[in-house]
Amino acid sequence: NLQTIAREADWLIQGVGARRDDPAIFLNNLTEPLWNQIVSGIEPPVDCVSILSKYFDAEPVLLNTVERDLRPKRIQIYTQNGETNLTSIWLEHPLVKNRTAEIYLCNYADDGFMQRLHAKAIAVQKDDQVSLAYGSANFTSVALSRRSSAGNMEVMIRLPEISKRKLKPSELFDPDK
């Protein structure tokens with residue numbers, strides 16, 4: 001079914017190599033891991049990588065990938081307090097210990113009613129621009145570092161760079177502060 005969709009709507013698989021001025025780029029992991037597509041064209045070092053996810057690997061191996069590929073000055077991880085599977089092993093990672101990476105346990109509500117976090121996103125800030133990718137992929141190796149044939153089938157939308165005056169990941173990922 002996915003191959004039929006790809007043939008009939010070729011714009012769905014244009015993600016990698018699409019023009020940077022396109023309104024949005026559809027990413028999928030049919031042929032290439034999502035992480036490679038998310039960071040494509042972003043030159044390290046970056047100012048900050050912000051991550052919004054409910055689910056994580058038991059061990060923080062993806063933090064090493066973020067460090068290697070983007071060399072961020074800061075990493076901010078936002079997840080739902082009491083609802084995440086984030087393990088205490090994450091607190092032992094060198095990036096967390098030296099405070100390059102910070103973990104925020106957040107609450108999410110709509111009109112005063114608590115909501116479960118379902119959103120997943122990665123924002124990369126460099127200079128005065130933010131690159132935002134959002135979609136189905138949690139911050140797990142199976143979702144971001146593998147092709148669909150070796151993990152989950154995942155899709156994301158990558159927006160063109162946005163001024164950080166217009167998009168503040170901390171406000172988007174933790175609206176209740």
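Q: What makes Phe56, Trp90 and Phe139 a cluster?
A: Ring pairs link Phe56, Trp90 and Phe139 to one another. The model is a predicted one, and a search of the whole structure finds 5 aromatic pairs in it.

Q: Why is the aromatic pair of phenylalanine 56 and tryptophan 90 called edge-to-face?
A: The ring centres are 5.3 Å apart and the planes meet at 70°. A pair needs centres within 6.5 Å, and edge-to-face needs an angle over 60 degrees. Both conditions are met, so the pair of phenylalanine 56 and tryptophan 90 is edge-to-face.

Q: What parts does the pair of phenylalanine 56 and tryptophan 90 tie together?
A: Phenylalanine 56 is in the loop between β2 (48–52) and α3 (61–70), while tryptophan 90 is in the loop between β3 (74–80) and α4 (94–97). The pair therefore ties together parts that are 34 residues apart in sequence.

Q: How do you know whether phenylalanine 56 is buried or exposed?
A: Its relative accessibility is 3%. Buried means under 20%, so phenylalanine 56 counts as buried. Tryptophan 90, with a relative accessible area of 0%, is buried as well.

Q: Why is the pair of tyrosine 78 and phenylalanine 173 edge-to-face?
A: The planes of the two rings are at 80° and their centres are 5.8 Å apart. The angle is over 60 degrees and the distance within 6.5 Å, so the pair is edge-to-face. Tyrosine 78 belongs to strand β3 and phenylalanine 173 to helix α6 (residues 169–173), so this pair joins parts 95 residues apart in sequence. Tyrosine 78 and phenylalanine 173 are both buried.

Q: How many disulfides does a search of the whole structure find?
A: The search finds 0 disulfides; a pair of cysteine sulfur atoms would have to lie within 2.5 Å to count as one.

Q: Why does cysteine 48 count as buried or exposed?
A: Cysteine 48 has 1% relative accessibility, so it counts as buried. Cysteine 106 is at 2% and counts as buried too.

Q: What makes glutamine 76 count as buried or exposed?
A: The relative accessibility of glutamine 76 is 7%. That is under the 20% limit, so this residue of the model counts as buried. Glutamine 76 is part of strand β3.

Q: How do you know what joins the side chains of glutamine 76 and serine 50?
A: The two side chains are joined by a polar contact of 3.0 Å, and the cut-off for such a contact is 3.5 Å. Beyond four places in sequence, glutamine 76 touches Cys48, Val49, Ser50, Ile51, Glu102 and Tyr104.

Q: Why is alanine 109 called partly exposed?
A: Alanine 109 has a relative accessible area of 36%. Buried would need under 20% and exposed over 50%, so alanine 109 is partly exposed. The residue is in strand β5 (residues 109–110). Neighbours within four places aside, alanine 109 contacts Met114, Gln115 and Asp176. Its C-alpha is 8.9 Å from that of proline 175, 66 residues away in sequence.

Q: How do you know that the buried residues of α3 line one face of the helix?
A: The buried residues of α3 are Leu62, Leu63, Thr65, Val66 and Leu70. Viewed down the helix axis they fall within an arc of 155°, so they line one face. An α-helix has 3.6 residues a turn, so residues three or four places apart point the same way. The buried residues of α3 pack against α2 (34–39), β2, β3, α4, β7 and α5 (141–144). Just after α3, arginine 71 has a positive phi of about 45°.

Q: What makes strand β7 (residues 121–126) mostly covered?
A: In β7, 5 of the 6 residues are buried.

Q: How do you know in which sense β2 and β7 pair?
A: β2 and β7 are joined by 5 bridges in the antiparallel sense, where at least two bridges are needed for a pairing. One bridge is that of leucine 52 with alanine 121 in β7. β7 also pairs in the antiparallel sense with strand β8 (residues 129–135), over 6 bridges, including the one of alanine 123 with leucine 132 in β8. The hairpin of β7 and β8 has 2 residues between its strands, and aspartate 127 in it takes a positive phi near 55°.

Key
Residues numbered from 1 in each chain as written. Heavy atoms only, no water. Helix = DSSP H or I, 4+ residues; strand = E, 2+ residues; numbered from the N terminus. Buried < 20%, exposed > 50% of the residue type's maximum accessible area, 1.4 Å probe, protein only. Contact = heavy atoms within 4.5 Å. Phe/Tyr/Trp six-rings, centres within 6.5 Å; stacked < 30°, edge-to-face > 60°. Arc of directions from axis to C-beta. Polar contact = N/O pair within 3.5 Å; in protein donor to acceptor, adjacent residues only side chain to side chain.
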